[in-house]
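The following account leads the reader through one molecular structure, turning to its pockets and then to one of its sheets.

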Amino acid sequence: MKKLTCLCVLFLCVACVTVFAAEPPKYEKIALSDQFYAEGAYYGDFNRDGHLDVIAGPYWYEGPDFKVKHEIYTPEAIDPEAYSENFLAYTGDFNGDGWLDYFVCPHPGKTSFWFENPKGQGGHWKKHLALPELGNESPMWGDILGTGREGPVYNMNGYLGFGTWTIENGEPQWKFHAVSGKSDRYQRYTHGIGFGDINGDGRADLIESIGWWEQPEKIVEGEPWKFHT
């Protein structure tokens, strides 16, 4: 009798899950352009109207319908069979004025730069140099040190690491932090990198194809993090 009761309860639970299962999400594809300008895109509220916008190549597109676009720099369409100088894009308030700016990861191994949001004044965004060399074909973007400011996760000059920025006199000061020793594994076209709290100690670690680098409790610049295969 007890076994029969258990089976009845099991079937009842399964039936409830089936009846009240949520509808699968529906997605809509919106084409922003029929031209190739950049390898990647990102998002943010660039005009501070409460709606998320999309940024890609030389334009940002107003949300929520993305029908109105604004020019950031002079557009130059690229042959889809070639490569763009705008590989990946991210955003942040790099000068601390309360408006989201635009960070561009260039063709791997070249100098990165950021564009300053004109704060609703229109016109092209002022271009600034950022990190002198940004390698890896798929750099990530994250807050590795828990400072509240996200930056690129990438490799440079044979080292795996990440970039941070601080604001001095209204200008971001960029810095690369190596987590590894020097290796030919980290060249400009290296693929694959990630980050996250892998061991549950509350600190972000870096991961690559053959293992992961554990963020120490106290970071010493120039001293590699512990590696785990």
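The coordinates belong to a predicted model. Consider the class make-up of the largest pocket: its lining comprises nine nonpolar, four polar and four charged residues. These are the 17 residues that line the largest pocket, and those lying nearest its centre are Tyr 37, Tyr 73, Ser 84, Glu 85 and Asn 86. The volume of this pocket is about 230 Å³.

The second largest pocket has a volume of about 180 Å³. Its lining includes the residues Leu 32, Ser 33, Gln 35, Phe 36 and Tyr 37, followed by Ala 38, Glu 39, Gly 40 and Ala 41, and is completed by Ala 56 and Tyr 61. By class, seven of these lining residues are nonpolar, three are polar and one is charged. Tyr 37 is listed in the lining of the second largest pocket and also among the residues nearest the centre of the largest pocket.

The discussion now passes from the pockets to a sheet. Four strands form an open sheet in the order 13-14-15-16, and their pairing is antiparallel. Strand 13 (194-196) and strand 16 (226-228) occupy the edges; each has a single partner strand, so one side of each is left without a neighbour in the sheet. From one strand to the next, the twist averages 25°.

The pairing can be followed in detail at one edge. Strand 13 pairs with strand 14 (residues 205-208) in the antiparallel sense over three bridges. At the level of residues, Gly 196 has Asp 205 of strand 14 as its bridge partner.

Key. Residues are numbered from 1 along each chain as its sequence is written. This is a predicted model: local features need pLDDT of at least 70, side-chain atom pairs count only at pLDDT 80 or more; totals for chains, interfaces and linings use all residues. Side-chain values use heavy atoms; hydrogens and water are left out. On a 1 Å grid over the protein atoms alone, a cavity is a set of points where a 1.4 Å probe fits but cannot get out, and a pocket is an open set with protein on both sides within 12 Å along at least five of seven lines; lining residues have an atom within 4 Å of a point. Grid points are joined across faces, edges and corners, and a volume is the space filled by probe spheres set on the points. Ala, Val, Leu, Ile, Met, Phe, Trp, Tyr, Cys and Pro count as nonpolar, Asp, Glu, Lys and Arg as charged, and the others, Gly among them, as polar. Two strands pair if DSSP finds at least two bridges between them. Helices (H or I, at least four residues) and strands (E, at least two) are DSSP runs, numbered from the N terminus. Axes are lines fitted to C-alpha atoms, for helices over the stretch in contact, and angles run from 0 to 180 degrees between N-to-C directions.
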